[in-house]
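Trainee: I should like to learn how to read individual features of a structural model. May we take them one at a time?

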Amino acid sequence: MRDHTTIDYRDCDRQVWEEELSEFVPDRILDAHIHFYWASDFPVPPPQGTRNDAGLATLNDWARVLYPGRRMQYLILGMPVVGIDVARHVETVRREIDGVPGIRHNRLVTPSCRTEDIERDLRNPQFIGLKPYRTFSVTGDIAQCRIHEFLPHEQMELADHYGLWVTMHLSRFHGCADEWNLDDLTEYTTKRYPGIKWLLAHCARSFTYWPIRQAVERLRDLPNIYYDTSAVTDVRPYITLLTKEDPKRIFWGSDGVGAAFFHGHYAALGRSWQHYDADDGDLKFPHCDGRPVLSVYEQLLSLRDAAEIAQLSESDIEGIFWRNAAAALGVPEDEGAANGS
Ligand SMILES: [Zn+2]
């Protein structure tokens, strides 16, 4: 995998920011889906190969070039890579964010985590939720697993008891449109675990138009459902969400550093999609001056266009970038910014 920790910001990125995005993106941003990375959290080198460390300084360095002058806050998610030493990762995160304003954390959990360890870590007021991931599914099937197969019931009971957040990247081929996922979310939010607040990652894992179109009418009737925008670059899921859901349930998220700060996008191909790094694409651009921009800028452009189509107000847009998440995650307005600005 290409390393995206080193900042690669090109003239074409700057042009898009200055001419199209700087007026759209508000002064305050709470990025509700972003990750740290430290190779030393792995007992043996991680399977995906070399990648540079990314701590708070890297996130803030990126933020400085991506969104100049903005005050940044973050909901940092545990790094869900198989082979990571969870306890070590939790401790590294804790040390990195200790006392830094404007930062909250969803702790990495795998089915083998003990609830007493999770409970102890969540006493830290900066730790507000859980980050499970499908690659840790007890079934070994990372593409077709159900929620309880990678977030066991005893962890959901704990999250319900303490009213924790769960950042949920839905598995199964149809993501949020999958009947089992919809039935499980209905049962959990309305009956079994009413205390859990679900933050459905990647527009409820709708990188293309189809899943959220199928699911939005059921999801919008459920309590405690929220969405982060991370990594979604197709405009259509945003149009569906912004016109059919309550915009207050939508939080900006980038999925930086590795999954969003590269030149390319998430290509929607019918009902499927694929991560696409244009630097690896061997493209020829016979008809134009080929200058792909950062995936996170593709995401911002799509969100801007959808906001226009949905006729969102300035206040709605401020809400998506900061206020909705700050209020929901319990970050007081005067707490300060993680980048010190
Ligand atoms: Zn992520």
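Trainee: Which residues are the protein donors of the zinc ion?

Mentor: A metal site is read from its donor atoms. In this predicted model, the zinc ion has as protein donors His33 and His35, each through NE2, and Asp255 through OD. These donors lie 2.1 to 2.2 Å from the zinc ion.

Trainee: How are the donor residues spaced in sequence?

Mentor: The pattern is H-x1-H-x219-D. His35 belongs to strand β1 (residues 28–35), whereas Asp255 is in the loop between β8 (250–251) and β9 (264–269), so this pair ties together parts that are 220 residues apart in sequence.

Trainee: Are His35 and Asp255 buried or exposed?

Mentor: Both His35 and Asp255 are buried.

Trainee: How many aromatic pairs are there, and how is a single pair to be read?

Mentor: The count comes to 15 aromatic pairs. A pair is read from its centre distance and the angle between its planes. For Phe207 and Tyr266 the ring centres are 5.2 Å apart and the planes stand at 35°; the pair is therefore tilted, as that class covers angles from 30 to 60 degrees. The pair also links distant parts of the chain, with Phe207 in the loop between α8 (201–205) and α9 (209–219) and Tyr266 in strand β9, 59 residues apart.

Trainee: Why do Phe207 and Tyr266 count as buried?

Mentor: The cut-off is under 20% relative accessible area. Phe207 has 3% and Tyr266 has 9%.

Trainee: Which residues do ring pairs link into a cluster?

Mentor: The cluster consists of Phe207, Phe262, Tyr266 and Trp273.

Trainee: Where does Arg146 lie?

Mentor: Arg146 is placed over the face of Trp180, 4.5 Å from the ring centre.

Definitions and conventions:
Residues are numbered from 1 along each chain as its sequence is written. This is a predicted model: local features need pLDDT of at least 70, side-chain atom pairs count only at pLDDT 80 or more; totals for chains, interfaces and linings use all residues. Side-chain values use heavy atoms; hydrogens and water are left out. Donors are N, O and S atoms within 2.8 Å of the metal (3.2 Å for Na, K and Ca); water is not among the atoms, so sites may look incomplete. Helices (H or I, at least four residues) and strands (E, at least two) are DSSP runs, numbered from the N terminus. Buried means under 20% relative accessible area, exposed over 50%, partly exposed in between (1.4 Å probe, protein chains only). Rings of Phe, Tyr and Trp (its six-membered ring) pair if their centres lie within 6.5 Å; planes under 30 degrees apart count as stacked, over 60 as edge-to-face and the rest as tilted. A charge sits over a ring if NZ of Lys or CZ of Arg is within 6 Å of the ring centre and within 35 degrees of the ring normal.
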